Amino acid sequence: MNALLNWDIPFDRMERLDLSGMEVQAVEKEGVRAWRLLFTQRPRDRAKAGPAVQGARPWPMEATEGLYRAEGLPPLALGEGRVRFGGLTLSLWGLPHLEALPLLRLLSDGVPYPLLALRFPLGAAHYYGLGERTGGLARRGGRFWNFTMDQPPRPGRDPLYLASPLLVRLEGDEALGLLLDESHPSLFDLGHAHPAEGRVAVASPHLDFYVLSGSLLEVVRGLTLLTGRPAMPPLWALGYHQCRYSYADSQAVREVVEAFKAHDLPLEAVWLDIHHMEGYKVFTLSPHRFPDFRALSEELAGEGVRLVPIVDPGVKVEEGYRVFEEGKRRGVFLLDDRDELLVGGVWPRRAVWPDFSREGPRAFWAEEVRRFAEENGFAGIWNDMNEPAVLELGGAESPDKALPLTARQGEKSHLEARNLYALGMAEATYQGLAALGRRPFILTRSGFPGIQRYAFVWTGDNESRHEDMALSVPMLLSLGLSGVPFAGADVGGFGQDATPELLLRWTWLGALYPFFRNHSALGTRRQEPYAFGEAWTSRMREALRFRYRLLPYLYSLAREAHEEGLPLWRPLFAYWPGEMAAFREDEFLLGEGLLAAPLLHQGEGVREVYLPPGTWWDFWAGCRVAGPALEQALGPLPLYLKEGAAIPLTEPTYPTRTARWPRLGFRVALGPAIRGRVYEDEGEGFAPGAWSELKGAFDGKRLVLAFEDRSGHPREGVWAEVLGVAPPVKGQGVLYREGRLLLDLGPGEAFAEWA
Ligand code: GLC
């Protein structure tokens with residue numbers, strides 16, 4: 001494994017570089033400001049922009065004797081061979097060309113240093129980010145590659161499918177965002193080679209580095225502004241998805257839809273894995289297995305169930321196959337270093353790969369996507385094997401399942417462009433779907449910072465084991481801190497056989513995943529939520545229905561992610577950085593107000609939950625807990641509301657239609673100031689939507705709530721629900737039933753008073 005990356009970066013043989021070649025720039029984008037450090041060795045690279053950062057403008061700055069100042073940015077000092085910013089002190093290093101390793105000879109066009117590095121004392125800070133990684137959330141002590149690779153998420157494996165040279169440093173409540181805006185393979189060594197030193201190396205002739213500061217969430221906001229805000233998903237993307245490798249024919253798809261209906265289980269989309277194609281040819285449908293495709297998709301659309309096909313990048317080499325012939329004619333495919341079509345084996349035994357780094361091939365692909373989706377009524381597209389993964393090259397297994405790094409992508413080598421492959425493919429796919437006038441929905445396996453502009457990410461081929469389920473929690477948190485808010489792991493596990501207990505726990509956890517899809521591999525035991533008999537099915541139904549109750553909250557958080565780049569899942573230290581010592585990787589906040597502590601281990605019926613300082617309310621039982629505290633919580637999904645939180649919920653109805661909820665119920669946790677909001681729109685398309693707000697106060701005796709409804713659509717009812725309180729003595733618009741206080745917000749305001 002890791003054949004191409006199996007080399008030690010020779011930090012000891014590197015030379016310290018003088019910083020006179022380093023250009024310092026202040027940049028600004030829509031109010032976010034950052035310092036940019038750009039080291040180039042060739043004149044042509046000085047105008048370098050991107051690949052991840054887009055649209056940042058130079059911001060006025062002053063430089064005197066190595067001190068750089070710009071309005072709204074902490075000063076940056078450059079001197080004695082070091083750059084100082086916040087608590088960070090960086091030095092720059094390079095490997096002389098004559099020392100270059102085989103991989104770096106690819107960069108042999110005369111640059112003096114083909115490998116560049118930054119070194120910095122790690123200090124007492126904590127380090128997070130770097131996207132999709134196994135092995136927990138904290139990065140200190142580890143070594144992380146950025147090289148997209150078809151590698152399933154198992155502990156100890158690195159790199160995985162997605163590359164993310166984006167690190168977050170947290171010291172006290174001050175965070176720094178560090179973005180290495182280079183697509184060449186890079187390594188982040190955070191105290192692995194030397195316990196006190198951080199080292200970032202990139203196999204590139206230039207080094208482009210952004211630093212920004214603020215609180216942890218401000219830094220995440222800033223990073224997603226620089227690399228692009230997440231696309232607003234259609235509502236149905238947040239519902240429940242059912243996948244399998246494969247529902248291989250019309251009959252199988254119909255059976256699944258029927259079974260969901262018969263068991264009264266919500267279902268938003270059925271996913272079609274590679275067997276829908278004819279001979280693994282992308283953008284085709286097997287006429288034998290899906291003879292009546294159009295009828296099938298219309299019939300399902302009538303029931304509100306969508307179809308999402310897999311589209312891999314490998315295009316089958318076959319005479320007369322339009323996509324291949326036309327693509328070849330238009331020169332869209334990758335060439336080898338002798339300018340010949342690069343052919344390798346993936347699902348189709350002989351395949352070629354579009355070069356998504358160029359606009360022409362992207363336009364070609366966008367058109368294929370548009371046509372395929374339009375003709376067949378597909379609602380979204382699933383991009384897989386887009387690292388890109390290649391299973392065979394020249395009759396042998398290909399190292400790291402990668403294409404030769406010498407392959408040509410326009411002016412670039414595959415070495416430089418590989419990490420961006422999925423990003424380019426997602427951009428093309430997005431354009432194709434957007435041409436249909438709907439909100440595009442794309443799921444991708446691979447990616448690079450910026451991928452959030454187009455796609456959701458799933459964490460690839462996990463297995464049906466409790467460990468894999470537990471691993472998904474820090475993975476999704478890390479993706480969120482790295483700018484990818486919409487992510488999920490295959491619920492139930494992809495490889496191996498799921499047990500009903502595992503599936504049930506995972507379905508409860510999945511009910512909180514930003515992306516909720518059950519998927520399993522060829523030859524494994526079936527694991528649809530009804531696969532284990534009625535006793536289990538009814539418990540799965542509860543979890544799925546809970547997801548649908550939560551949709552107004554999830555959709556509002558999705559909008560917040562779109563507007564501000566904030567992740568849906570947030571680690572507790574985002575709000576309580578002072579409580580770092582008590583931090584646990586198996587708890588998280590959904591938004592700001594709801595703390596989740598899922599049961600992740602086999603046989604576990606009770607778990608310990610750490611509740612940070614403040615008052616918490618058990619979501620289910622309504623009892624109050626004063627934090628900081630260690631609580632013993634019972635399943636199936638321990639949840640706590642933060643004091644003052646008001647979470648919008650609705651009655652579960654499925655499939656989804658619009659993101660306008662005629663019946664809204666805010667679950668309110670008493671606190672001095674109460675705040676909640678809900679975002680509503682069509683749930684689809686591009687028409688504007690509106691935020692409606694709940695505000696209130698509680699002084700220990702009197703609770704007052706006001707709802708400002710800006711949705712402009714008719715309501716059947718808006719309620720606030722407060723658990724764990726005694727019956728009030730007085731009130732307006734109040735109803736008290738079995739320990740639940742309901743306040744009718746239909747007229748806009750309500751209050752309750754206690755003696
Ligand atoms: C890859 C994907 C998996 C898919 C399979 C067949 O392993 O990660 O989700 O089912 O390919 O397409």
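**Close-up views of a predicted model**

**View 1. Here we look into the largest pocket.** Sort its lining by class and you get eleven nonpolar, eleven polar and 14 charged residues. Keep in mind that this is a predicted model. The pocket's volume comes to about 820 Å³. There are 36 lining residues, and the ones closest to the centre are Ser-183, Lys-412, Glu-416, Ala-417 and Leu-420. Which elements supply at least two residues each to this lining? They are helix 6 (359-376), strand 27 (412-413), helix 7 (414-417) and helix 8 (421-434). Helix 8 gives the most, with four residues.

**View 2. Now for the second largest pocket.** This one has a volume of about 530 Å³. Its lining counts 27 residues, and closest to the centre sit Glu-560, Glu-592, Gly-593, Arg-675 and Gly-676. By class, the lining splits into twelve nonpolar, five polar and ten charged residues. Two helices, helix 2 (216-227) and helix 11 (534-564), each put in at least two residues. So do three strands: strand 38 (646-649), strand 40 (673-680) and strand 41 (690-698).

**View 3. This view turns to the largest cavity.** The model holds six cavities of 30 Å³ or more, and the largest of them has a volume of about 60 Å³. Rolling a probe the size of a water molecule over the atoms is what shows where such empty space is left. Who lines the largest cavity? Ala-231, Met-232 and Pro-233 do, along with Pro-440, Phe-441, Ile-442, Gln-452, Tyr-454, Ala-455, Phe-456 and Phe-486. By class that makes ten nonpolar residues, one polar and no charged ones.

**View 4. Here is the stretch that carries a domain annotation.** An unreviewed UniProt entry labels residues 230-557 "Glycoside hydrolase family 31 TIM barrel". Over residues 230-557 the chain is 36% helix and 12% strand, and the C-alpha atoms at the two ends lie 12 Å apart.

**View 5. An open sheet of eight strands comes next.** In what order do the strands of this sheet run? The order is 30-29-28-23-20-19-18-31, and the pairing is parallel. At the edges are strand 30 (487-488) and strand 31 (516-518), each of which pairs on one side only. Zoom in on strand 18 (residues 240-242) and strand 19 (residues 269-272), and you find two bridges joining them in parallel. One contact to look for is Gln-242, whose bridge partner in strand 19 is Val-270.

**View 6. Strand 43 and its partners fill this frame.** Strand 43 (residues 717-723) is mostly covered, with six of its seven residues buried. It pairs in the parallel sense with strand 39 (residues 663-668) over six bridges, and Val-668 has Val-722 of strand 43 as its bridge partner. Strand 43 also runs antiparallel to strand 46 (residues 740-744), joined by five bridges. Here Ala-720 stands opposite Leu-743 of strand 46. Strands of a sheet pair through backbone hydrogen bonds, whichever of the two senses they take.

**View 7. Last, a look at two cysteines.** Is Cys-243 buried or exposed? Cys-243 counts as buried because its relative accessibility is 1%, under the 20% cut-off. Cys-623 has a relative accessible area of 43%, so it counts as partly exposed. As for disulfides, the count comes to zero.

Conventions
Residues numbered from 1 in each chain as written. Predicted model: local features only at pLDDT ≥ 70, side-chain atom pairs only at ≥ 80, totals over all residues. Heavy atoms only, no water. UniProt positions renumbered as here; feature names shortened; annotations may be inferred. Pairing = 2+ DSSP bridges. Disulfide = S-S within 2.5 Å. Buried < 20%, exposed > 50% of the residue type's maximum accessible area, 1.4 Å probe, protein only. 1 Å grid on protein atoms, 1.4 Å probe; cavity = no way out; pocket = protein on both sides within 12 Å on 5 of 7 lines; lining within 4 Å. Points joined across faces, edges and corners; volume = space filled by probe spheres on them. Nonpolar A, V, L, I, M, F, W, Y, C, P; charged D, E, K, R; others polar.
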